[in-house]
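Good morning, and thank you for coming. Today I shall walk you through one protein model, beginning with a pair of charged side chains and then moving outward to the whole chain.

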Amino acid sequence: MISKFKKWLGPKEDENYGNPELLDEIQLIEGSFNPMEAADVLLSLIAYKIKFHNVQLLNSEHDESSRIQSEKRIAELKEAKNRVTRLIMEARNRGESLKICSKIRVSTQKD
């Protein structure tokens, strides 16, 4: 199934950066944002990821190690939310905008 998916995506040779398992790299966010826009974009993404992991915790099919991993990730995301909030407040107080660049790298792995 994955081989069909890789074929369908068809990454160019020069796009895989020497990693044959890399399927694609997607530019998610790029640009300059005022503090309110930056807060909307970044805090929404973080909130969604926290929600995702909370749902994982409620899913009874997951084992103990998955539960521990989700709890750890939620704590990391909450800390990231605090850091982003501080950056946004500092930029707002200085009258600055924030340049944000975010890429998603999609690759395969053996389970």
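Please look first at E96 and R94, which form a salt bridge whose closest N and O atoms lie 2.9 Å apart. I should say at once that this is a predicted model. Of the two partners, E96 is partly exposed, with a relative accessible area of 37%, and R94 is exposed, at 52%. Elsewhere, E25, K103 and R105 are joined into one network by salt bridges that share partners.

Why might such pairs arise? Side chains of opposite charge can pair when their charged atoms come close.

How many salt bridges are there by this rule? The count comes to 7. One of them links the side chains of R73 and E76, at 3.1 Å from N to O. These residues are 3 apart in helix α3, so about one helical turn separates them. R73 has a relative accessibility of 29% and counts as partly exposed; E76, at 34%, is partly exposed as well. A further salt bridge brings together the side chains of E79 and R86, with 3.7 Å from N to O. Here E79 is partly exposed, at 38% relative accessible area, and R86 is partly exposed, at 45%.

Let us now turn to the overall arrangement. The protein has 3 helices and 2 strands, and from the N terminus their order is α-β-α-α-β. Of its 111 residues, 20% count as buried. The protein exposes about 8900 Å², and carbon and sulfur atoms supply 54% of that area. If we take contacts between residues at least 6 apart in sequence, 69% of them join residues at least 24 apart.

My last topic is the largest pocket, which holds about 200 Å³ of space. Which elements supply at least two residues each to its lining? They are β1 (22-33), α2 (35-58), α3 (64-94) and β2 (98-107). Among these, α2 gives the most, with 5 residues. The lining includes L28, I29, L42, L45 and I100, and R73, which we met in the salt bridge with E76, is also one of the lining residues. By type, the lining divides into 8 nonpolar, 1 polar and 2 charged residues.

To close, please keep two pictures in mind: the salt bridges, 7 by count, and the largest pocket, lined by residues from both helices and strands. Thank you for your attention.

Terms used: Residues numbered from 1 in each chain as written. Predicted model: local features only at pLDDT ≥ 70, side-chain atom pairs only at ≥ 80, totals over all residues. Heavy atoms only, no water. Helix = DSSP H or I, 4+ residues; strand = E, 2+ residues; numbered from the N terminus. Buried < 20%, exposed > 50% of the residue type's maximum accessible area, 1.4 Å probe, protein only. Contact = heavy atoms within 4.5 Å. Areas by Shrake-Rupley, 256 points an atom, 1.4 Å probe, with all protein chains shown as cover. 1 Å grid on protein atoms, 1.4 Å probe; cavity = no way out; pocket = protein on both sides within 12 Å on 5 of 7 lines; lining within 4 Å. Points joined across faces, edges and corners; volume = space filled by probe spheres on them. Nonpolar A, V, L, I, M, F, W, Y, C, P; charged D, E, K, R; others polar. Salt bridge = Lys/Arg side-chain N within 4 Å of Asp/Glu carboxyl O.
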